[in-house]
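Colleague: Hello! I'm new to this one, so could you walk me through it, please?
Modeller: Happy to; let's have it in front of us.

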Amino acid sequence: MRVKEANYLEPGEIAVTTVLAAVLAFVFIVPFLWMTLSSLKVPAELFIVPMQWLPKKPQWSNYLRIFNEFPFLLDFRNTSILVVVNIVSAVASNTLIAYGFSKIEWKGRETLFYVVLATLILPFQVVMIPLFILFHRLHWIGTFLPLTVPGFFGSAFFIFLLRQFFLSIPNELCYAAKIDGASEFRIYSRIILPLSTPAITTVIIFSFLRTWNDFIGPLIFLTDNKLYTLSLGAQQIMHNLDPKWDMLLTLGVIMTFPVLVIFFLLQKYFIQGIAMTGIKG
Amino acid sequence: MMWTRRDQRNGLLFISPWIIGFLIFTAYPIFSSLYYSLTQYNVVDPPKFRGLGNYIDLITTDTVFRTSLYNTLYMVVFGTIVITAATLTIAIILSNRRIKGLAFFRVIFFLPTLVPLVILCILWIWMLQPQTGLINTFLSYVGIKGPGWLADPHLARPAFIMMFLWTSGGAVIIYLAGLQDIPQSLYEVASIDGANLFQRTFKITIPMISPVILFNVITYVIGIFQSFAESFIITSGGPNQATLFYSLYLYQNAFQYFKMGLASAMAWILLIIALFFIALLLGLEKRFGYRQ
């Protein structure tokens, strides 16, 4: 019996699956192609029947017009502020919390960690209304505070992710430092953090994605269009009489492109983060 | 296990941000949401206690509530079937290690999950256009006149399932990770016994990764119950309330009609339904699933 590989497909099956994979991949990728090509069209071209794949003359100027016809710089600035604050707070708070849940032995640790995990399945809708009322009473509605302050108090998914990583770091390193008289904070900052750059990178990426892509948070908590994010700004112009579809598609490319670049550069951290959520399945 | 006083103090100190955040942003809202669900509350006037009135209204008289529940259950049942079948098929195809360019394919299926939600909605409004949309354009290439997906109450929900399928690459990645853990010896034995691809898939692959299937299904079901931004942006719940999903109606009650009490009651029913589905799926898993 000859030794076969992997899932033991016969040559015919390999051909079929390769072709299938290629067809499916094409189906999944073609909307990106369409969006990119359409972002270079004049608005009228979007409505030609039957659909035209290529713009007659690529309108590169769409990418300049967006600065005039859409408050791009303002919304981009707002989004960037939120992204930076949320990344900093996510790394600072979740590494501390995960350290407490993995590198120090204390009574009740595992029980509280189950509470952390339980909050992962809590639907946002359950807390959404009281949070809105709470922020309303604090006069935080219409400011960035509801979109930034909670991030300083940790997030279940990041705590879980970092804790798993910290557990894989041998405790002997911490004991040695403790014998030398190092405090917990010193062990955290000088030993654990430098060893955890892969996990921290994953947290930074997911924190960026979460904030960059967030729509519901800004929708509920922002009221002043001077503070709108790119997502909320885009959604708002869809309600105009003239939704400027060409601008929206151009914006779509601009908003998607940075995410794709980051993905291609840091792919393994994405896959790690995604696969990690499933391991415990 | 011995705990020293110092470790106890340090441990709690390190997780103290989470404790504070949990109390303010999770525990307090859970309990006040339960309280609001028993009141009539429009934010401006103080809450008026009305016992189980909101729950009774929703279940007995609110036909829109019933519609939104039906729409969401439709997405749960048909969406789970279609999306699980499709993502699992893709993962099984890709798990064939002799396939050329696996890394490339894996990236392709993952890319749609990176598209920001609002852009996803804008893109799919155009994908689903009856005349110029990508889907109907491809249908016209094979001689089919495509329908007005978002104008037809019977097709709007399937259209949403297509959109959700497009963004299910995360499930494919998770399935691929699960498939890698299946011992190759099982396939060897099956192969010697002359099992074909279908037999190997249904007798080995699916039973072996049933915990992963379970995880993805739970994730999808909870996601479906919570999703409203897509229907809020794309259809506003139309046509004829066909995409008025549970959480969209909840959002409308809270932030458009300012019925905070009613919306809170909906949130609690949502929580109970979500817990029910988790318990159900875990029960099924215990009974029929593969155990190591």
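Colleague: Of the contacts in chain A with a separation of 6 or more, what share do residues 24 or more positions apart account for?
Modeller: Keep in mind that this is a predicted model. Chain A has 15 helices and 0 strands. Among its contacts with a separation of 6 or more, the share from residues 24 or more positions apart is 75%.

Colleague: Thanks! Is chain A spread out or compact next to what the globule rule gives?
Modeller: Along the principal axes, its C-alpha atoms fill a box of roughly 75 × 75 × 35 Å. For 281 residues the globule rule gives 19 Å, and the radius of gyration is 24 Å, well over that, so compared with a compact globule chain A is more spread out.

Colleague: How do helices α3 and α14 of chain A lie, parallel or perpendicular?
Modeller: Helix α3 covers residues 62-69 and helix α14 residues 245-265, and their axes come within 10 Å. Residues meeting there include A:Y63 and A:I66 from α3(A), with A:M247 and A:L251 from α14(A). The axes cross at roughly 110°, which means that α3(A) and α14(A) are roughly perpendicular.

Colleague: And which helix of chain B gives the most to the side that touches chain A?
Modeller: The contact takes 82 residues from chain B and 81 from chain A. On the chain B side, 59 are nonpolar, 19 polar and 4 charged. With 19 residues, the helix that gives the most is α1 (residues 5-36) of chain B.

Colleague: Lovely. What ipTM does the model score?
Modeller: Chain B averages a pLDDT of 90, and 96% of the residues score at least 70. For the model, pTM is 0.90 and ipTM is 0.88.

Methods
Residues numbered from 1 in each chain as written. Chains lettered and ligands numbered in written order. Predicted model: local features only at pLDDT ≥ 70, side-chain atom pairs only at ≥ 80, totals over all residues. Axes fitted to C-alpha atoms, helices over the stretch in contact; angles between N-to-C directions. Helix = DSSP H or I, 4+ residues; strand = E, 2+ residues; numbered from the N terminus. Parallel < 35°, antiparallel > 145°, perpendicular 65-115°, else oblique. Contact = placed C-beta atoms within 7 Å. Nonpolar A, V, L, I, M, F, W, Y, C, P; charged D, E, K, R; others polar. pLDDT = per-residue confidence, 0-100. Rg over C-alpha atoms; globule rule 2.2 N^0.38 Å.
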